[in-house]
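The following exercises concern the structure displayed below. Please attempt each task before reading its solution.

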Amino acid sequence: MKSAKAKAHTNIALIKYWGKKDPKLFLPMNSSLSLTLDAFYTETEVILDGNLEMDQFILNDEIQGEAETTKISNFLNLFRQETGILTPAKVTSQNFVPTAAGLASSASAFAALGAAMNEVSGMKADPTTLSTFVRRGSGSATRSVFGGFVEWQMGTCNEDSHAIQIDDASWDIAMVTVAVNTGKKTISSRQGMQLTVDTSPFYASWVETAATDLVDIKQAIRNQDFQQLGEITESNGMKMHGTMLGARPPFTYMEPTTIDVLAAVRQLRQQGFEAYYTMDAGPNVKVLCHLSDSEKIQMKLKEAFPNNPVIISKVGGGIELLS
Ligand code: PMV
């Protein structure tokens, strides 16, 4: 029996990934850029055990059923094809994402699983190559291989659609999450992006302007220009949400409280805080701000939304092998 354990953090995109040009290979329509978060992560152990008849998957101490286990097996098969090592695996995963945060954990989940399998199977791919494997578990997981600001370069094929670190983001940066609704969403990101690609007349301009947003945000990162970074983040996130209103049928992840939180963040700016919002495929709001302001911002948002958890995260690092 061989085993390896790895840890990966989740990430929040500042330039969003929204839409696949190859759904099977998870090749995206546009390149994206994210910030890795320290507060939310997954730890996963993979044990290769010849005595097992098939893969087993235990998540947060619960044995998972066939549908969830098949997803894991399909992902592990990518490594098996590469290495020829077919031994069944016991996968034990723990999500350290406060359930109250309402954040998706697929990014940290597939990055941690990929890192553990990369080790235990002896594949030992370098992190950039590993990100091309991880991508096929969940697109956003591609970026969780690295820490700080990370770009997922869309590339042209399986081998070159990968992540690279742009900057370690060690310049007074944090993200504050306001949880609006932590229940299961009705439209998954996979369904939502496909419907948008297929039906929204706004989609073409999304793809076009996401490309220029990416060039501009990388310039802002190089210059450590926080205002530019925040303004581009806010605009890009809302443009992604705009494409959904153009879909047929139209849909939105925003809830009434979401709109109130967005207004509260704009108000924080009027009070002099550099704070900018973004949202993913759900109603929760993430606020990009200075780490040195984050406790004050948390306090103000808690005052305004006493029923909603407000969680600070520092910048997180890349995948780590724990054993
Ligand atoms: O790869 P998924 O299914 O987690 O999709 C991610 C989609 C967004 O979170 C909305 C954007 C992003 O780039 O993370």
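The exercises treat domains, ligand shell, core, helices and backbone geometry in turn, and they rest on a predicted model.

**Exercise 1. Determine how the protein is divided and which strands of domain 1 face domain 2.**

Solution.
1. The assignment gives domain 1 (2–170) and domain 2 (175–313).
2. The C-alpha centres of domain 1 and domain 2 are 23 Å apart.
3. Contacts link 26 residues of domain 1 with 31 residues of domain 2.
4. On the domain 1 side, β1 (2–15), β4 (32–48) and β9 (162–167) each contribute at least two residues. The largest share, 6 residues, belongs to β4.
5. By class, the domain 1 side comprises 17 nonpolar, 5 polar and 4 charged residues.

**Exercise 2. Describe the shell around the ligand and explain why the ligand lies between the two domains.**

Solution.
1. The shell holds 15 residues, of which Ala13, Tyr17, Gly139, Ser140 and Asp280 come nearest to the ligand.
2. The elements giving two or more residues to this shell are α2 (106–120) and α4 (189–199).
3. In composition, the shell has 6 nonpolar, 6 polar and 3 charged residues.
4. Both domain 1 (2–170) and domain 2 (175–313) supply shell residues, and the ligand therefore lies between them.

**Exercise 3. Identify the residues with the most contacts inside the largest nonpolar core, and the element with the largest share of it.**

Solution.
1. The largest nonpolar core contains 83 residues. Those with the most contacts inside it are Ala111, Ala112, Ala116, Val176, Val178 and Val287.
2. The helix α2 provides the largest share of this core, 10 residues.
3. Each of domain 1 (2–170) and domain 2 (175–313) contributes at least three residues to the core.
4. Taking Val287 as an example, its contacts, apart from residues up to four places away in sequence, are Met175, Val176, Val178, Val265, Ala275, Tyr277 and Ile297.

**Exercise 4. Compare the spans of α2 and α1 with their expected values, and state which residues of α1 are buried.**

Solution.
1. For α2, with 15 residues, the distance from first to last C-alpha is 21 Å, close to the expected 21 Å at 1.5 Å a residue.
2. Of the 15 residues of α2, 14 are buried, so this helix is largely enclosed by the rest of the structure.
3. For α1 (residues 66–83), 18 residues at 1.5 Å a residue should span 26 Å; the end C-alpha atoms lie 25 Å apart, which agrees.
4. The buried residues of α1 are Ile72, Phe75, Leu76 and Phe79. They pack against β5 (56–59), β7 (89–96), α2 and α3 (127–134).
5. Glycines with positive phi follow both helices: Gly122 after α2, near 80°, and Gly84 just after α1, about 75°.

**Exercise 5. Locate the cis peptide bond, and decide whether Phe26 and Gln224 are buried or partly exposed.**

Solution.
1. The bond from Arg248 to Pro249 is cis, with omega near -5°. Pro249 is in the loop between α6 (226–245) and α7 (256–270).
2. Phe26, although not a glycine, has a positive phi near 60°, and it lies in the loop between β2 (20–22) and β3 (27–28). Because 22 other C-beta atoms lie within 10 Å, Phe26 is buried, the threshold being 20 or more.
3. Gln224, also not a glycine, has a positive phi near 50° and sits in the loop between α5 (203–222) and α6. Its 13 C-beta neighbours inside 10 Å make Gln224 partly exposed.

Note on methods: Residues are numbered from 1 along each chain as its sequence is written. This is a predicted model: local features need pLDDT of at least 70, side-chain atom pairs count only at pLDDT 80 or more; totals for chains, interfaces and linings use all residues. A residue is near a molecule or strand if its C-beta atom, placed from the backbone, lies within 6 Å of it. Helices (H or I, at least four residues) and strands (E, at least two) are DSSP runs, numbered from the N terminus. Ala, Val, Leu, Ile, Met, Phe, Trp, Tyr, Cys and Pro count as nonpolar, Asp, Glu, Lys and Arg as charged, and the others, Gly among them, as polar. Domain bounds come from an automatic or database domain assignment. A nonpolar core is a set of buried Ala, Val, Leu, Ile, Met, Phe, Trp, Tyr and Cys residues joined through C-beta atoms within 7 Å. A residue is buried if 20 or more other C-beta atoms lie within 10 Å of its own, exposed if 12 or fewer, and partly exposed in between; C-beta atoms are placed from the backbone. Two residues are in contact if their C-beta atoms, placed from the backbone, lie within 7 Å. The expected span of a helix is 1.5 Å times one less than its number of residues.
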